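Here are a few notes to go with your first look at this one. Have the structure open while you read, and click on each part as it comes up.

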Amino acid sequence: MTELIVHARWVVTGIADRNTPIVHDDAAVLSRDGIVVAVGPLAEMQALAPAATVKSYPNHVVMPGFVNSHHHVGMTPLQMGSPDYALELWFASRIPGRRLDLHLDTLYSAFEMIASGVTTVQHIHGWMPGGYEMIHGAASKVLGAYRTIGMRASYCYAVREQNRLVYQADEEFCATLPKPLGEDLYKYLCDQKMPFEDFLKLFDVLTAENAGERLTRVQLAPANLHWVSDDGLQALAAKSKETGAPMHMHLLETAYQKEYAKRRTGKTAVRHLFDLGVLSPRMTLGHGVWLTAEDVDIAAETGTCICHNCSSNFRLRSGIAPLNAFEKKGITVGMGLDEAGINDDRDMLQELRLVLRAHRVPGMDDDDVPSPSQVVRMATEGGAKTTAFGDTIGRLDPGRFFDAVVIDWGKATYPYQDADIPMLDALVQRAKAQAVDAVYIDGDLVYADGRFTRVDREGVLAEIADILAKPRTPEEVARRDLGRAVFPHVKAFYDGYLSEGATPFYGQSSRI
């Protein structure tokens with residue numbers, strides 16, 4: 001049995017409501033074998049566990065570790081040669097991306113996330129060639145990397161059955177291209193095909209292999225409406241209901257996706273999912289930028305969660321999600337950094353500030369705009385509910401895992417902070433990653449004083465640098481040529497795609 005007491009100037013155990021954090025002054029958290037036992041004065045915690053190790057942080061804030069509710073890759077697309085195009089063009093621009101060992105790639109972004117206080121990540125994997133065996137091996141590498149560094153991860157492999165490059169059947173789009181480009185692209189897309197039964201097999205096998213693991217869990221991911229058939233959506237929903245595993249689905253990220261849903265179903269994407277019977281608290285909709293007012297009501301009534309990816313929406317010209325409407329309807333909302341944050345990294349503290357500022361609509365009523373406590377709730381217990389860990393993380397309540405970030409108040413607020421500003425408000429608006437002194441996951445200290453306790457960060461980065469310094473392989477050169485040749489045809493496909501009336505919701509720009 002391992003007992004640990006972490007004492008600090010302030011302990012934030014959770015958020016009572018959008019304006020009220022639960023703050024304990026001069027308090028300590030007692031954990032036993034990685035589970036929170038109690039929170040209270042240090043003397044009381046020591047009386048409960050006289051033999052416990054005590055870690056004291058006299059001028060710090062201890063709070064629940066952040067949950068990055070939407071994540072895909074380690075090295076960012078920009079690093080790998082893909083500029084911030086509009087989403088639909090961006091898919092084509094990523095065809096030339098370099099290959100990197102997935103253990104190293106996963107560690108790269110885990111370094112950035114943990115250093116900014118992220119203790120749990122929802123890793124949505126996908127777009128792998130090679131069929132079941134290669135994909136199973138890739139998934140195992142990703143899960144293994146998170147276990148190696150000591151990070152909590154909720155893993156899913158995105159199901160894609162169709163329309164892999166544009167919002168049209170692969171064979172139909174490729175047939176419009178000049179030869180041999182069409183044939184080359186079709187072969188590239190076919191390499192990513194996997195029978196639907198193998199997606200379900202992958203989930204079952206990974207779930208069985210993951211049994212007994214504390215840091216990793218497995219869930220489901222219908223990739224997006226245009227990527228999955230109605231039969232596939234209902235089969236995945238049935239698997240979710242049978243196993244209790246949550247689902248995470250990209251939806252209505254762009255106006256083009258809104259138009260696709262209208263053409264395919266004659267209604268909105270959310271209404272279609274509702275009619276299929278796949279919405280529930282087990283479903284999270286990633287992005288949700290282009291929901292209508294009725295869509296928001298449907299999400300609220302079904303208990304469906306939404307993951308807000310603010311940086312990604314800005315970078316890929318997707319629009320501004322109606323976050324204030326989500327909040328007014330009481331929808332559970334998580335926060336995701338997606339491929340990368342606004343500074344091409346995974347800094348969750350910075351993302352908190354971006355979300356806080358991006359939705360400050362004109363007016364004087366504070367209830368109309370995000371609050372510091374609200375964005376913390378999104379990045380903690382809101383995000384937790386979108387993962388397979390659910391209510392076992394996201395707060396520092398007894399019975400939950402002890403996942404916590406320790407932030408140095410002095411570093412965050414130097415040289416001065418007026419005490420009239422509530423502590424958490426100041427922390428959200430001023431703390432940067434440099435103020436993160438320690439991160440605990442499952443009761444273990446995985447990051448302290450700028451160093452990782454389980455993995456040599458500098459060694460991993462040097463290995464990545466050496467690998468990517470080598471010339472492209474012939475296969476990588478061929479994909480770069482393919483991507484560059486295909487790109488203008490993808491752009492031409494979307495010219496004029498939006499119909500009249502593809503209008504925004506809640507004051508968004510009508511053009512992307």
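The points below go through cysteines, one loop residue and two groups of strands in this predicted model.

1. Let's start with the cysteines. A disulfide is a covalent bond between the sulfur atoms of two cysteines. How many disulfides does the structure hold? The count is 0. Take C174: its closest cysteine sulfur is in C190, and at 7.7 Å that is too far for a bond, because a disulfide needs the two sulfur atoms within 2.5 Å. C305 has a similar story, with the closest cysteine sulfur sitting in C307, 9.9 Å away and again too far for a bond.

2. Are C174 and C305 buried or exposed? C174 has 5% relative accessibility, so it counts as buried, since the cut-off for buried is under 20%. C305 is buried as well, at 3%.

3. Next, find M80 in the loop that links strand 5 (66-71) and helix 2 (87-93). Being in a loop doesn't leave M80 out in the open here: its relative accessible area is 16%, so it is buried. What does M80 touch, once residues up to four places away in sequence are set aside? Its contacts are M75, G97, R98, L100 and L468. R99 is worth a look too: it is 19 residues from M80 along the chain, yet the two C-alpha atoms are 9.1 Å apart.

4. Now go to strand 6 (residues 118-125). Why is strand 6 described as largely enclosed by the rest of the structure? Because 8 of its 8 residues are buried. Strand 6 runs parallel to strand 5, with 4 bridges joining them, and it also pairs in the parallel sense with strand 7 (residues 152-159), over 6 bridges. T120 is a handy marker: it is the bridge partner of V67, and it stands opposite R152 in strand 7.

5. Follow the chain on from there. Strand 6, helix 4 (residues 132-149) and strand 7 together form a right-handed β-α-β unit.

6. Last, there is an open sheet of 4 strands, in the order 10-11-12-13, with parallel pairing. Strand 10 (247-251) and strand 13 (333-335) are at the edges with a single partner strand each, so one side of each has no neighbour in the sheet. From one strand to the next, the twist averages 30 degrees. Helix 10 (residues 269-276) packs on this sheet and touches strand 10 and strand 11, with its direction at about 145 degrees to that of strand 10. Inside the sheet, strand 11 (residues 283-287) and strand 12 (residues 305-308) pair over 3 bridges, and L285 has I306 in strand 12 as its bridge partner.

Key
Residues are numbered from 1 along each chain as its sequence is written. This is a predicted model: local features need pLDDT of at least 70, side-chain atom pairs count only at pLDDT 80 or more; totals for chains, interfaces and linings use all residues. Side-chain values use heavy atoms; hydrogens and water are left out. Buried means under 20% relative accessible area, exposed over 50%, partly exposed in between (1.4 Å probe, protein chains only). Helices (H or I, at least four residues) and strands (E, at least two) are DSSP runs, numbered from the N terminus. Contact means heavy atoms within 4.5 Å. Two strands pair if DSSP finds at least two bridges between them. Axes are lines fitted to C-alpha atoms, for helices over the stretch in contact, and angles run from 0 to 180 degrees between N-to-C directions. A crossover is right-handed if, with the strands pointing away from the viewer, the path from the first strand over the helix to the second runs clockwise.
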